[in-house]
Amino acid sequence: MDFRSWILSLFLCTLATLAHADEMDRLATQIYQFPNQAANKIGELEQHQDKLSSSEQLRLQLLKCQLMIQLGDNSAAIDIAQQGQLRAKQAKLDIVAPYFEVCAAEAYQDMDELKQSLPLLDSTALYAKKNSDYQLLFSVLRLRAESENELSNFAAAIEDLRLAMDIYPDIQHQSEAWLNPPLAYVYADMASVLQATGDYSQADYYLNLAQAEPSSNGKIRHVLYLMQSRVALDQGKVEQSNSLLNKAIETLHLVQSDVEKAPSYAQISAIYLMLNELSEASKYSNLALNLYEKLGISTGTIGISRLAARIKMRQGDLEGALNETDNSLSLSIALTQPFDTAASQQLRAEILYKQGKLESAYQALQSAIVALQQAQDKLNSTQFMQYKAKLSLQEQQQSQAQQQIKAATNNSEQKLKRAYTMIYALLLVLVAVIFWIISRYKNWYPKVSKPTADDSEQWVEAMIETAKAAGYPLSLLIVNINHIKQVDLPDVIEQATHRLREQDKIIRHSVDELLVLLPHTSAEGATRVVRQLEPVLHMFSMQPASIGMAEMKQPDNLQSLIKRANVNQLSRTRERGVPQTSLR
């Protein structure tokens, strides 16, 4: 009877553990969709923490850290992250400590403290790569891409987001789940970068992918509608933009907290202003301003006051516009926000010019130039600090490696001293045998020169052999350029290179073909690269783009990869009856 009771207790404990795990998995998505509901559930679980294991308690604290970010309380998120790191070390669960670092980095990033967030992201990225922690790496890449986008490093942002998409399927194979943002977030971030570069069609493509994601519920869907409305407007699709804006307004009820509603109101107001619907723009700007003032978020008040000034200027109320601009300007100066100061001064100059106050307008422009220079200096300082932090991190790694080598060397020397005579004798025998082998068989094997970067095909062959030996994926694209003028080819290659990662290479294979080598890229990743290269080819030729691709198999060499890429290219052409313009 006692044995059966013990078995029953163990079974019930196992069921409870599984139930908690499933509940937290749902919470890990819900905090991004419905933060208020997630907050209530986290509160309930915190009341029964004694029933949770150490790892479950830490995961609950990590979820709460991300919840604070979603609710806009970044200071609380940083405090929770610091406490979580300490608890993780005490519980000897070092695997979760970097997740708290990422949470703190995201909070610092939301507060525009890039000097605090970037070093955390760089160190955590190295840890994630070293330990093959795909959840952690996915989160880091997404946040790093956001910061690169803010710093206008668009190529680096695209590279990070592409890598994040490539590794997302590997997250499902991790034995222990902690926390990672929904895939829809990465698609939306990619759309934001592409919109900033003027590639509106690709931005729209990624927003549609984000909408199709199962995680796109709650406030995520609302935000995606707003982004789609703005992208449609950028493309001149006014009716579509209006339709999407109405959907965004219809889903406003899914945005549950004032912290989240305020920026939504501001974006709706900005879109209405672009559509020249001034009464609606004024209505939503007032709603946003009231919320920002109620919440005491001065950085939000700066932007919405400037937006209200533009609305009043469009309505012809120049004095009202000037008052709103002055409010924005005084706040940005008080908070030392040079970019906002420059924007407010520039808007002030426009209003003064319309009032005929030319001297005052000129002085405002001069002040805008000074503020813009200060903002650029701040940006350069941030980028330099990021570069310096990376160098410092590399130096630390090299120092640690040298210490490990030194320790290993000392240990080896001690062992050698203990068995010096035996090792010395074995070395003499080994040297004698090596010399005999060299003298006897030195002419058996022909010398093989290593391929160099100057010899393109040999270099590609070497990369293929390296990929096969290391066991990582590699893909090859073959691009038909027979419809592109030779004089435009350098520009084509330059534009295409901006869409690729640093390790990707473009090689001139023949008069009519380019090869694009994509290390660490599967067929799915190569398909996304094809979609990104097609707009580049359309810029220089009215003919549809013709790109073939092939993923490396173990028996492959360069010629077999090229043949398979050509077959892939021809097969798509036959399916459509005309040259292929996009992959689906």
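Helices (DSSP runs of H or I, at least four residues) and strands (runs of E, at least two) are numbered here from the N terminus. The model is a predicted one, in which local features need pLDDT of at least 70 and side-chain atom pairs count only at pLDDT 80 or more, while totals for chains, interfaces and linings use all residues. Residues are numbered from 1 along each chain as its sequence is written, and side-chain values use heavy atoms, with hydrogens and water left out.

Begin by selecting Thr336, which sits in the loop between helix H16 (318-334) and helix H17 (338-354). Its phi is near 55°, a positive value in a residue other than glycine, and Thr336 is exposed (over 50% relative accessible area, 1.4 Å probe, protein chains only), with a relative accessible area of 58%.

Move next to Lys92, in the loop between helix H4 (74-90) and helix H5 (97-110). Lys92, although not a glycine, has a positive phi of about 60°, and its relative accessible area of 73% makes it exposed.

Now turn to the open sheet of four strands, whose order is E2-E3-E1-E4 with antiparallel pairing; two strands pair if DSSP finds at least two bridges between them. Strand E2 (505-508) and strand E4 (547-551) are the edge strands, each pairing on one side only.

Select E2 together with strand E3 (residues 513-519), and four antiparallel bridges can be followed between them; Arg508 stands opposite Leu514 in E3. Finally, add helix H21 (residues 489-498), which lies across E2 and E3 and runs at about 160° to E2, where axes are lines fitted to C-alpha atoms, for helices over the stretch in contact (heavy atoms within 4.5 Å), and angles run from 0 to 180 degrees between N-to-C directions.

How values were computed. Buried < 20%, exposed > 50% of the residue type's maximum accessible area, 1.4 Å probe, protein only.
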